[in-house]
Amino acid sequence: MPIDVPTLPQTAAHSGAETEAVVDAVVVGLHAPAADAADGTGPALAAGAAGVDAAFSGELLELLTTVGATGKAEQVVSLPTRGALSAPRLVAVGLGRPAEGPKASEAVRRAAGAAARTLAGTGSVLSTLSALDAEAAVVGAVLGGHRFDRHRTSTDAAAAPVGSWSFTGADAPAVRRATLVAEAVVTARDLVNTAPNVLVPETFAAHAVALGERAGLVTEVLDDAGLRENGYGGVTGVGKGSANPPRLVRLTWNGGPAASKRVALVGKGITFDTGGISLKPNAGMADMTSDMGGAAAVVATVVLAAKLELPVTVTATVPMAENMPSSTAYKPGDVLTMFGGTTVEVLNTDAEGRLILADAIVRAAQDDPDYLVETSTLTGAQLVALGLRTAGVMGSDELRDRVAAHGTATGEDAWAMPLPEYLRGELDSRVADISNVSGQRFAGMLLAGTFLKEFVPAGLPWAHIDIAGPSFNTGGPRGYTTKGGTGVPVRTLLAFLEDVAANG
């Protein structure tokens, strides 16, 4: 089954009055009363809704509150316009209490996503949320309405995404940029959601290369023979238990003539993880189709950097393997020689991601980057420590904090975590340079980061983003987050690259 570029709804800027648009529905925002509103003040129409309100003779807010609209975050209320607008339907969506900065942008994204789900099956929609934050309105609308239908033999037209969106108060370049960002997130989501019998290392590599070539990237692929010949002991060790041999893909955007900084991105590409000989329990194993979420994110990000023509050189190094139990699988007690020569004693084959990442980190560092950022669905301990929505960020202190701040600012919540020096002793091996897990069950997320640190050259600023929880939504849809792959942390990585391009 071919893996194609995702199909997105059409998006366009709309500079005229809201009432002039010939569409099937119009979206307005509604703020909940401020926290200190003690005088019985009700909800308020958000910026951008003035023209719509005028079409209702200034009575729109009264109509909405009559049918129960409160402005609560993501609450959606629909009304027939009965000729007041050319569109037959009006949708008001709650933004929650008024906020500023990143929280305000996130409120718009979530509101736009909630509206997009409610409007599934609608042909064309005009959104006034863009008067608040154009990029947030576009990204939220496209992502909130996203559906993954690749494996369905038929689709429900009533559940299809909105066919086209128009946005008031937004210029065309802003809408185009936001659409490219949303496209990158959808690309990552679709890769994660693709069934693991379809997305094996070979097909994943081919798709990544196809995406890269269409964006003008320099591409390179090492197959199983090339990996063995060049000493990638982590990738080949993990991959040798599968009938689908491993790959290592490198995609480079050269940044153009203005590029002065070089960033290395690394992402974990385990296309399915059974745990290997250290077999996982059956419960939840199907979710391990998402164990390549980090790889999907960095592939989508480097392609996005090229499409946005960011003046920074970006190289994604992506190891891909399938972790299976078989007569040829690596096993507890094996010693692997990693790319670069470090030996690792394997104590648990279900700690495989750090092994393929170690190879990729050493290779990525050979390009002499100014920064190295790696992301992976690395540990269940991340979920225990930080839950399902907050990524853990580790690494060199300054870059760790910088990346975590971008995660929070973009709405992809992240939290800086320490890598205490004393943890290194927990990874001492009886027979090799280092073991891949500790003998104790505490601080699993930090120990994984400590293992990766061993393969980062001294002096290279680096960050590791553990997205085990945030990259895959096992619950119901919320805001602009759909069930399944979320595309985290594409927007965090983009924000970091733009920061580097602007500030070094």
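**Close-up views of the annotated binding site**

**View 1. The three listed residues.** UniProt, in an unreviewed entry, lists Asp273, Asp350 and Glu352 under "binding site"; such annotations may be inferred rather than shown by experiment. These residues are spread over 80 residues of sequence, yet they cluster in space, with a largest C-alpha distance of 8.6 Å. Asp273, Asp350 and Glu352 belong to the lining of the largest pocket (on a 1 Å grid over the protein atoms alone, an open set of points with protein on both sides within 12 Å along at least five of seven lines; lining residues have an atom within 4 Å of a point). Please note that this is a predicted model, where local features need pLDDT of at least 70, side-chain atom pairs count only at pLDDT 80 or more, and totals for chains, interfaces and linings use all residues. Residues are numbered from 1 along each chain, and side-chain values use heavy atoms, with hydrogens and water left out.

**View 2. Asp350 and its neighbours.** Look for Asp350 in the loop between β14 (343-345) and α10 (353-365). Beyond residues up to four places away in sequence, Asp350 touches Asp273, Gly275, Ser278, Lys280 and Asn323 (contact: heavy atoms within 4.5 Å). Its side chain makes a polar contact with the side chain of Lys280 at 3.0 Å.

**View 3. Glu352 and its neighbours.** Glu352 also sits in the loop between β14 and α10. Among the residues that Glu352 touches, leaving out those up to four places away in sequence, are Val238, Lys268, Asp273 and Tyr330.

Terms used: On a 1 Å grid over the protein atoms alone, a cavity is a set of points where a 1.4 Å probe fits but cannot get out, and a pocket is an open set with protein on both sides within 12 Å along at least five of seven lines; lining residues have an atom within 4 Å of a point. Helices (H or I, at least four residues) and strands (E, at least two) are DSSP runs, numbered from the N terminus. A polar contact is a pair of N or O atoms within 3.5 Å; within protein, one must be able to donate a hydrogen and the other to accept it, and residues adjacent in sequence count only if both atoms are side-chain atoms.
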